[in-house]
Amino acid sequence: MKEFPQHLRHWRKARRLSQLNLALTADISARHLSFLESGRSKPSKDMIMHLGEVLEVPLAAINGMLLAAGFAPQFGRTALDDAAMAPVTKALKWTLDRHTPYPGLALDRLWTIQSMNAPAEQLFAGLGLSQGDSLLDLMQSPVMPEVIENWPTVAHLSALRLRAESAAAGGHPRLDQAAEFLMNKPAPETLPSGPAIPAIYRFGEVRLSLLGMISVFSSANDETIDDLRLELFYPEDAATEAFLKNTSTASA
């Protein structure tokens, strides 16, 4: 298991900060930070929490830093079906239900589907996905180039997003592996113009052009909530909007 100085060095380097930069940002002396990184000084719990916040360390990793320094974890990991999570699951359900007729789903940090609304269930059923499955697996399957019309562009942008999310997490092998897989695919010659780039799904005669939006909980105090992402899709053109609304009305 890593010692605390290794954790601190890892996260400082992951954020591309020198010891001096971090010391200035955290409002502590460069000497004290150097002693913490070398193991010559033992951090207090408050100092670990402070450095974790300054370095924007995920809650699970802050727990790891605390354990390495001999302290108990600060943040729990509560299952979504636990009674204590009722306000969170209620908020998720409310948001996803009211996003109908457009697809919406909740993902964890590894892009595993935690919940979906009815339009998302219909969309992803066509791709062989259901709750509990990971979009990372789907993106590395031969299905995507057949279903997504502009797959080279979507694959390239997805790889960039995966790299960014891995960097934010301090480096994650699963995200890095998926990003590398997508980056090794033929890249688009040029990215299309426009304020946002849609993913264009084609199922037989049906063509859906969808824009994606990501939202998170702003005050996470639990590892599960810290990992959650809401992925909401919106129609990019009138034909997609009409199809989603008509499909929702027909299934109501």
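Q: Before we get going, what does buried mean here?
A: Buried means under 20% relative accessible area, while exposed means over 50% and partly exposed covers what lies in between. Please keep in mind that this is a predicted model.

Q: OK, so is Glu 231 buried or exposed?
A: Glu 231 has a relative accessible area of 9%, and because that is under 20% it counts as buried.

Q: Which side chain does Glu 231 meet in a salt bridge?
A: The side chain of Glu 231 meets that of Arg 161 in a salt bridge, with 3.0 Å from N to O. Since Glu 231 belongs to strand E5 and Arg 161 to helix H10, the pair ties together parts that are 70 residues apart in sequence.

Q: Let's move to pockets. What volume does the largest pocket have?
A: The volume of the largest pocket comes to about 540 Å³. Its lining is made up of 25 residues, and those closest to the centre are Val 154, Ser 158, Arg 161, Ala 199 and Glu 231, so the two partners of the salt bridge just described, Glu 231 and Arg 161, are both in that group.

Q: Which elements supply at least two residues of that lining?
A: Two or more lining residues come from each of helix H8 (135-139), helix H10 (151-168), strand E3 (199-203), strand E4 (206-215) and strand E5 (229-235).

Q: And by class, how many of the lining residues are nonpolar, polar or charged?
A: In the largest pocket the lining has 21 nonpolar residues, together with 2 polar and 2 charged ones.

Q: How much space lies in the second largest pocket?
A: The second largest pocket holds about 420 Å³. It is lined by 17 residues, of which Arg 109, Ala 168, Val 216, Asp 226 and Arg 229 are the closest to its centre. Two or more residues of this lining come from H10 and also from helix H12 (223-227).

Q: Same thing by class for the second largest pocket, what's in the lining?
A: There the lining has 9 nonpolar, 2 polar and 6 charged residues.

Q: Back to salt bridges, how many does the count come to?
A: The count comes to 12 salt bridges. Among them is the one between the side chains of Arg 77 and Asp 227, at 2.9 Å from N to O. Arg 77 sits in the loop between helix H5 (59-68) and helix H6 (86-99), whereas Asp 227 is in helix H12, so this pair ties together parts that are 150 residues apart in sequence.

Q: Are those two buried or exposed?
A: Arg 77 counts as partly exposed at 49% relative accessibility, whereas Asp 227, at 12%, counts as buried.

Q: Which residues are linked with them in a network of salt bridges?
A: The network of salt bridges links Arg 77 and Asp 227 with Arg 109, Glu 223 and Asp 226.

Q: What about Arg 202, which side chain does that one meet?
A: The side chain of Arg 202 meets that of Glu 149 in a salt bridge of 2.9 Å, N to O. Arg 202 lies in strand E3 and Glu 149 in the loop between helix H9 (143-147) and H10, so the parts tied together are 53 residues apart in sequence. Arg 202 is partly exposed, with a relative accessible area of 36%, and Glu 149 is partly exposed too, at 40%.

Q: Last one, where is Ser 41?
A: Ser 41 is placed in the loop between helix H3 (30-38) and helix H4 (45-54), and it counts as buried at 18% relative accessibility. Leaving aside neighbours within four places in sequence, Ser 41 is in contact with His 32, Phe 35 and Leu 36.

Key: Residues numbered from 1 in each chain as written. Predicted model: local features only at pLDDT ≥ 70, side-chain atom pairs only at ≥ 80, totals over all residues. Heavy atoms only, no water. 1 Å grid on protein atoms, 1.4 Å probe; cavity = no way out; pocket = protein on both sides within 12 Å on 5 of 7 lines; lining within 4 Å. Points joined across faces, edges and corners; volume = space filled by probe spheres on them. Helix = DSSP H or I, 4+ residues; strand = E, 2+ residues; numbered from the N terminus. Nonpolar A, V, L, I, M, F, W, Y, C, P; charged D, E, K, R; others polar. Salt bridge = Lys/Arg side-chain N within 4 Å of Asp/Glu carboxyl O. Buried < 20%, exposed > 50% of the residue type's maximum accessible area, 1.4 Å probe, protein only. Contact = heavy atoms within 4.5 Å.
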